[in-house]
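User: I would like to go through this structure by asking, for each label you apply, what grounds there are for applying it. Please set the values against the criteria as you answer.

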2 protein chains.
Amino acid sequence: MTTEHELEESPKRRERRDARANRQHILAVAKRLFADQGAEATSMYEVAQAAKVGQGTLYRHFADKSELCHALIKEDIQAFQARVDDFINDRERYPSALQRLELFISEKVLLTDSHLSLLVAGGGPQHKRFRGPFNQWMYDRLILLLEEAMEAGELAPLDVNFTADAILAAIMPHLHYYQRHELGYSCERIIAGMRHIFIEGLRAK
Amino acid sequence: MTTEHELEESPKRRERRDARANRQHILAVAKRLFADQGAEATSMYEVAQAAKVGQGTLYRHFADKSELCHALIKEDIQAFQARVDDFINDRERYPSALQRLELFISEKVLLTDSHLSLLVAGGGPQHKRFRGPFNQWMYDRLILLLEEAMEAGELAPLDVNFTADAILAAIMPHLHYYQRHELGYSCERIIAGMRHIFIEGLRAK
DNA sequence: TAATGAAGTGGACAATTGTCCGCTAATGGG
DNA sequence: CCCATTAGCGGACAATTGTCCACTTCATTA
């Protein structure tokens with residue numbers, strides 16, 4: 001098990017200065033294009049053209065559109081993760097694991113909502129959809145919360161793994177988009193629905 | 001509201017005999033190709049080549065890969081629908097709407113499992129993913145069951161629309177595939193997980 | 001500073017999906 | 001039976017994603 005994830009935080013060996021600049025440049029251009037015409041309506045080819053780099057260069061920096069989109073909201077995602085890490089083990093403020101689970105879901109729904117266009121466009125090649133790095137991170141947290149709630153007796157014994165995926169499926173960006181834009185649901189409605197099913201519903205009787 | 005759905009059952013005006021034959025021929029060829037190399041690994045172009053028809057012809061018969069895949073399992077889908085219609089309002093054999101909901105989910109999981117490859121390959125252009133004809137059909141049935149259960153007091157008051165989508169999301173083909181093939185879950189495990197969340201969980205206390 | 005080799009770059013190419021449109025031929029009315 | 005209408009056909013084309021690889025440039029080191 002090597003830690004070979006390409007976290008740009010830990011420059012395994014090195015990254016050329018010009019490459020870093022180029023990467024930032026691409027991000028800036030993509031951000032503008034996505035804002036102007038929408039992320040869905042913008043092709044990778046277009047981004048490369050606008051940034052005046054070859055396709056190869058673009059794809060060297062971002063393996064696919066989902067990575068590009070992800071990179072554009074990296075800060076908000078990290079902020080979300082920081083917020084979650086902040087309360088996820090804070091049993092003083094939130095004695096109930098279920099309460100923390102509810103908070104988690106709530107935060108996730110709001111995060112999704114605030115970057116819907118990018119998250120839908122960057123749906124990713126379905127094989128990364130269930131266990132891309134970010135989804136894996138969320139999955140892991142859900143498992144921890146569910147197990148804690150179960151051990152505390154707040155939750156009747158259940159299949160934590162299956163349940164975690166069910167939770168993530170119910171709030172995945174594509175469905176969220178459909179509910180918000182086609183069906184006109186509000187975030188509150190989504191959160192309330194989630195709470196009813198996965199918090200109240202699963203609570204031990 | 002015109003009834004303009006292209007149900008090949010009701011030949012609105014006419015369909016040329018040779019076209020019908022051609023369609024059947026394409027289906028036969030696609031069936032073999034899909035069986036041989038897998039539906040995912042077979043492109044529409046390849047199907048057209050193998051069937052010795054132009055791309056235009058192929059797309060005239062099947063607007064996209066999802067329609068082609070769907071057509072290949074039409075019979076099983078219709079059998080599923082018939083089975084469901086058979087018990088969905090049968091309050092004699094199944095007095096409890098929740099029991100019928102459980103049956104519905106069970107049947108759906110097994111149907112999905114028996115045509116996983118085709119259903120995953122024919123994922124369809126995500127805009128049809130939540131309300132393609134078949135999904136709409138399932139959605140409608142779920143709404144009916146949930147409302148009946150609610151009115152009967154089996155279910156605490158809840159957001160039936162949101163819940164129906166959550167149920168469908170939790171058993172969508174892509175996730176099912178991932179759970180079965182990457183995670184090694186059995187159908188029984190999936191069904192049990194669903195029952196715990198959406199039957200036992202939502203049952204009125 | 002010059003050489004070296006790895007990181008980075010560009011754009012041609014391949015693969016795929018889906019559309020367009022001029023041509024062909026089945027069908028049905030006269 | 002013949003012709004006009006129009007469904008149906010074929011395949012070129014456009015759009016997009018992603019890969020490949022020969023070439024370039026930076027950065028280290030001797």
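User: Which helix gives the most to the surface near DNA strand D?

Analyst: In this predicted model, helix 3 of chain B gives the most to that surface, with five residues. Helix 1 (17-37), helix 2 (44-51) and helix 3 (55-61) of chain A, as well as helix 1 (17-37) and helix 3 (55-61) of chain B, each supply at least two residues of the surface near DNA strand D. By class, the residues of this surface divide into five nonpolar, nine polar and ten charged.

User: Which residues come nearest to DNA strand D, and what part of the strand's atoms within 4 Å of the protein do sugar and phosphate account for?

Analyst: Of the 24 residues around DNA strand D, those that come nearest are A:Met44, B:Arg16, B:Asn22, B:Gly56 and B:Thr57. Sugar and phosphate account for 62% of the atoms of DNA strand D that come within 4 Å of the protein.

User: What makes the approach of B:Thr57 to a phosphate oxygen of DNA strand D a polar contact?

Analyst: A polar side-chain atom of B:Thr57 lies 2.9 Å from a phosphate oxygen of DNA strand D, and a pair of N or O atoms within 3.5 Å is what the term requires, so the label applies. A polar side-chain atom of A:Arg17 likewise lies 3.1 Å from a phosphate oxygen of DNA strand D, whereas for A:Gln55 the partner, at 3.1 Å from a polar side-chain atom, is a base oxygen of that strand.

User: Where does DNA strand C find its contacts, and which helix supplies the largest share of the surface near it?

Analyst: A base oxygen of DNA strand C is 2.9 Å from a polar backbone atom of A:Gly56, and a phosphate oxygen of the strand is 2.9 Å from an N or O atom in the side chain of A:Thr57. A polar side-chain atom of A:Arg60 lies 3.2 Å from a phosphate oxygen of DNA strand C. The largest share of the surface near this strand, five residues, comes from helix 3 of chain A. Of the atoms of DNA strand C within 4 Å of the protein, 58% belong to sugar or phosphate and the rest to bases.

User: Why is B:Ser66 called buried?

Analyst: B:Ser66 has a relative accessible area of 12%, and because buried means under 20%, the residue falls in that class. B:Ser66 is found in helix 4 (residues 65-72) of chain B, and its side chain is joined to that of B:Asp64 by a polar contact of 2.7 Å. Not counting residues up to four places away in sequence, B:Ser66 touches B:Gly122, B:Gly124, B:Pro125 and B:Lys128.

User: How do you know that A:Arg189 and B:Asp159 form a salt bridge?

Analyst: The closest N and O atoms of A:Arg189 and B:Asp159 are 2.6 Å apart, and since the rule asks for a side-chain nitrogen of Lys or Arg within 4 Å of a carboxyl oxygen of Asp or Glu, the pair is therefore counted as a salt bridge. Across the interface of chain B and chain A the rule finds two salt bridges.

User: How much area do chain B and chain A bury between them, and which three residues of chain B supply more of its part than any other three?

Analyst: The two chains bury about 3,000 Å² between them, with 67% of it on carbon and sulfur atoms. B:Phe130, B:Phe162 and B:Ile197 supply 23% of the area that chain B buries against chain A, more than any other three residues. The contact takes 36 residues from each of the two chains, chain B and chain A.

Notes
Residues are numbered from 1 along each chain as its sequence is written. Chains are lettered from A and ligands numbered from 1 in the order in which they are written. This is a predicted model: local features need pLDDT of at least 70, side-chain atom pairs count only at pLDDT 80 or more; totals for chains, interfaces and linings use all residues. Side-chain values use heavy atoms; hydrogens and water are left out. A residue is near a molecule or strand if one of its heavy atoms lies within 4 Å of it. A polar contact is a pair of N or O atoms within 3.5 Å; within protein, one must be able to donate a hydrogen and the other to accept it, and residues adjacent in sequence count only if both atoms are side-chain atoms. Helices (H or I, at least four residues) and strands (E, at least two) are DSSP runs, numbered from the N terminus. Ala, Val, Leu, Ile, Met, Phe, Trp, Tyr, Cys and Pro count as nonpolar, Asp, Glu, Lys and Arg as charged, and the others, Gly among them, as polar. Buried means under 20% relative accessible area, exposed over 50%, partly exposed in between (1.4 Å probe, protein chains only). Contact means heavy atoms within 4.5 Å. Buried area is the accessible area (1.4 Å probe) that two parts lose on being put together, summed over both.
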